[in-house]
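Take a moment to turn the structure around before reading on. We'll start from one helix and work outwards from there.

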Amino acid sequence: MKRTFIAPSKYIQGPHELENIGTYAKKLGKKAMLLISEGGKKRFGELLEKSFVKEEMAYVIEAFNGECSKKEIKRLDDVVKAEGYDVMVAVGGGKIFDTAKAVAYYNDIPVIICPTIAATDAPCSALSVIYTEEGEVEEYLFLKQNPNVVLVDSYVISKSPVRLTVSGMGDALATYFEARASYKHDGNNFADGKALHTGIALAKLCYETLLAEGYKAKTALEKGALTPSVEAIIEANTLLSGLGFESGGVAAAHAVHNGFSALEECHKMYHGEKVAFGVITQLVLENAPEEELNEVLDFCISVGLPVTLKQIGVEEFDYDKILKVAKIACAPTDTAVNMPFDIDPEMVANAIIAADALGEKRLQSAR
Ligand SMILES: [Zn+2]
């Protein structure tokens with residue numbers, strides 16, 4: 001049996017590190033393409049330019065068109081080839097990273113990822129999710145390697161919307177439970193193998209960090225304060241969760257998330273918020289001990305992650321709707337196949353209903 005572990009070559013985290021982007025880019029190439037949104041350009045354009053000018057490094061700031069689609073990748077790929085850019089730098093969120101990673105992959109050049117939010121565990125992975133022009137997932141592009149550098153400016157994150165960082169905690173909450181379930185089943189990770197102890201240990205550290213630092217970090221972030229607990233949560237959301245999911249493996253929590261993503265009424269919820277409810281559902285499916293369930297529920301309630309159907313946008317309960325979610329979660333191509341036992345839509349639907357009831361009870365007792 002092959003066991004694997006993969007990671008970015010370098011991970012840097014600290015306040016105002018984005019000001020050093022030129023220095024890091026210069027170590028990897030001579031001419032950089034910086035991919036960023038129009039809004040991001042307004043916020044960080046001057047700072048980025050200063051850093052490249054200081055290093056006397058050639059660069060261009062390219063505006064991202066908003067979708068990580070084949071068309072956008074091709075457009076940027078043409079520019080990179082025509083102008084001879086030899087390093088990609090992505091500043092912003094998930095879709096910008098995935099686009100830059102794909103362009104770097106097709107040109108065999110290094111890529112630096114600079115998250116300005118800590119909302120998901122996408123930055124560190126060797127994976128690009130490609131969407132259609134309409135925003136539907138089209139394919140997963142597995143890359144040759146993880147990003148060369150992931151550079152997280154914790155000051156920038158501390159000024160980003162709190163709800164995004166809390167959502168990142170929801171995504172990170174799934175890491176340990178999904179890796180644990182997948183490990184029991186000898187499920188595949190995203191690194192072309194099965195999990196090593198290393199992947200599981202990092203996933204566990206991710207969960208422990210959330211429990212120890214989550215509430216403190218959220219409270220500090222509400223005032224825009226950067227504290228050691230905020231640093232710890234940025235690391236958990238970005239690095240530990242990223243390494244943990246990729247080399248550990250994913251299971252039912254993300255599959256349940258995918259089911260809820262198909263419901264119109266859940267569209268206003270963030271990825272990690274739906275994933276958090278997916279974690280509670282997975283724990284019910286596994287018949288986890290009451291103590292563990294309550295620990296997870298209390299954590300979610302303390303940081304403001306949803307624990308009921310209503311909180312993820314499902315206003316009216318309807319069994320058929322829940323069954324539809326469960327059917328999507330049980331698709332043979334989805335990650336619930338990594339659960340250590342057979343599941344079917346009826347089981348998942350019942351777990352969702354029970355998760356909602358447990359969440360409601362716990363919410364009432366917390367009030
Ligand atoms: Zn996720």
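Look for helix 9 (residues 252-261): its buried residues are covered by, among others, helix 6 (162-184), helix 10 (271-285), helix 12 (319-329) and helix 13 (345-366). This is a predicted model, by the way, so keep that in mind as we go. How many of the ten residues of helix 9 are buried? Eight of them are, which makes the helix mostly covered. The buried ones are A252, A253, H254, A255, V256, H257, G259 and F260.

Now zoom out to the whole chain. The protein chain has 13 helices and ten strands. Its radius of gyration is 20 Å, close to the 21 Å that the globule rule gives for 367 residues, so the chain is as compact as a globular protein of that length. If you drew a box around the C-alpha atoms along the principal axes, it would be roughly 60 × 40 × 40 Å. Of the 367 residues, 52% count as buried. As for who touches whom, take the contacts with a separation of 6 or more: 80% of them are between residues 24 or more positions apart.

The domain assignment splits the chain into domain 1 (3-158) and domain 2 (162-366). Their centres, taken over C-alpha atoms, are 27 Å apart. Where the two domains meet, domain 1 puts in 23 residues and domain 2 puts in 36 residues. On the side of domain 1 that touches domain 2, the elements giving two or more residues are strand 1 (3-4), strand 2 and helix 5 (154-158). Which of the elements gives the most to that side? Helix 5 does, with four residues. By character, the residues on this side of domain 1 divide into 15 nonpolar, six polar and two charged.

Next, find the sheet. Six strands make an open sheet in the order 2-9-6-5-3-4, and the pairing is parallel. Strand 2 (10-14) and strand 4 (58-63) are at the edges with a single partner strand each, so one side of each has no neighbour in the sheet. On average, neighbouring strands here are turned by 15° against each other, if you ignore direction. For a look at one pair, go to strand 5 (residues 87-92) and strand 6 (residues 111-115), which pair in the parallel sense over five bridges. In this pair, V91 stands opposite C114 in strand 6.

Helices pack against this sheet too. Helix 2 (residues 38-54) touches strand 3 (31-36), strand 4 and strand 5, and its direction makes about 180° with that of strand 4. Helix 8 (residues 228-248) lies across strand 2, strand 6 and strand 9 (149-153), and it runs at about 150° to strand 2.

Two strands that pair with each other in the antiparallel sense are worth a visit as well. Strand 7 (residues 127-131) and strand 8 are joined by five bridges and run antiparallel. They form a hairpin with five residues between them, and G135 in the turn has a positive phi of about 90°. Across the pair, S128 stands opposite L141 in strand 8. Is strand 8 (residues 137-142) well covered or hardly covered? It's hardly covered: the count of buried residues among its six residues is zero.

While you're there, pick out L127, which lies in strand 7. L127 has 18 other C-beta atoms within 10 Å, so it counts as partly exposed. Leaving out residues up to four places away in sequence, L127 touches Y140, F142, L143 and F190. L127 and D98 are 29 residues apart in sequence, yet their C-alpha atoms are 7.3 Å apart in space.

Finally, two loop residues have backbone angles to check. D108 has a positive phi of about 55°, although it is not a glycine. You'll find D108 in the loop between helix 4 (94-107) and strand 6. Is D108 buried or exposed? With 8 C-beta neighbours inside 10 Å, D108 counts as exposed. The other one is N287, also not a glycine, with a positive phi near 50°. N287 is in the loop between helix 10 and helix 11 (290-303). N287 has 8 other C-beta atoms within 10 Å, so it is exposed.

Terms used: Residues are numbered from 1 along each chain as its sequence is written. This is a predicted model: local features need pLDDT of at least 70, side-chain atom pairs count only at pLDDT 80 or more; totals for chains, interfaces and linings use all residues. Two strands pair if DSSP finds at least two bridges between them. Axes are lines fitted to C-alpha atoms, for helices over the stretch in contact, and angles run from 0 to 180 degrees between N-to-C directions. Two residues are in contact if their C-beta atoms, placed from the backbone, lie within 7 Å. A residue is buried if 20 or more other C-beta atoms lie within 10 Å of its own, exposed if 12 or fewer, and partly exposed in between; C-beta atoms are placed from the backbone. Domain bounds come from an automatic or database domain assignment. Ala, Val, Leu, Ile, Met, Phe, Trp, Tyr, Cys and Pro count as nonpolar, Asp, Glu, Lys and Arg as charged, and the others, Gly among them, as polar. The radius of gyration is taken over C-alpha atoms; the globule rule is 2.2 Å times the number of residues to the power 0.38.
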